[in-house]
Amino acid sequence: QVQLVESGGGLVQAGGSLKLSCASSERSFSRSTMAWFRQAPGKEREFVAAIDWTTNRSYADSVKGRFTISRDNANTVALHMNNLKPEDTAVYYCAAAGTWDSRPKSYAYWGQGTQVTVSS
């Protein structure tokens, strides 16, 4: 069974930084698009960032210049979040095996999510 496990969430003050990690049990994801999404209470799940197997990257406008997605190794994708804002508060989800697409329905595998809370 394919698993994606996120870690690194927590509580941080505005302007602070966090690093999220996503570890997969499937080495074949090294050749797949991996992405981060987030969902705030009462809102739809939204795209944050994606990276393909050639390390092309895509970001939501709201996080450009503040967040960086990277592949730490064949099984792990990270999201480096700097200059965090209260509006970044959400549950962050790792997703895998998608096409180069920002729609959640394009991704077949999901992690359980990790909470990020940014206080003002």
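1. A friendly place to start is strand E11 (strands are DSSP runs of at least two E residues, numbered from the N terminus), where Ser119 is the bridge partner of Gln13. Strand E2 (residues 10-13) and E11 run parallel and are joined by four bridges; two strands pair if DSSP finds at least two bridges between them.

2. Before going on, please note that this is a predicted model, in which local features need pLDDT of at least 70, side-chain atom pairs count only at pLDDT 80 or more, and totals for chains, interfaces and linings use all residues. Residues are numbered from 1 along each chain as its sequence is written, and side-chain values use heavy atoms, with hydrogens and water left out.

3. E11 also runs antiparallel to E9, with three bridges between them; here Tyr92 has Thr114 as its bridge partner. Thr114, Val116 and Val118 make up the covered face of E11, while Gln115, Thr117 and Ser119 make up the uncovered one. In a regular strand, side chains alternate between the two faces of the sheet.

4. Have a look at Glu6, in strand E1 (residues 4-7). Glu6 is buried (under 20% relative accessible area, 1.4 Å probe, protein chains only) yet has no salt bridge, as the nearest side chain of opposite charge, Arg45, is 7.6 Å away. A salt bridge needs a side-chain nitrogen of Lys or Arg within 4 Å of a carboxyl oxygen of Asp or Glu.

5. What does the side chain of Glu6 reach? One target is the backbone nitrogen of Gln112, at 3.0 Å, and another is that of Gly113, at 2.9 Å.

How values were computed
Buried means under 20% relative accessible area, exposed over 50%, partly exposed in between (1.4 Å probe, protein chains only). Lys and Arg count as positive and Asp and Glu as negative; His and the chain ends are not counted. A polar contact is a pair of N or O atoms within 3.5 Å; within protein, one must be able to donate a hydrogen and the other to accept it, and residues adjacent in sequence count only if both atoms are side-chain atoms.
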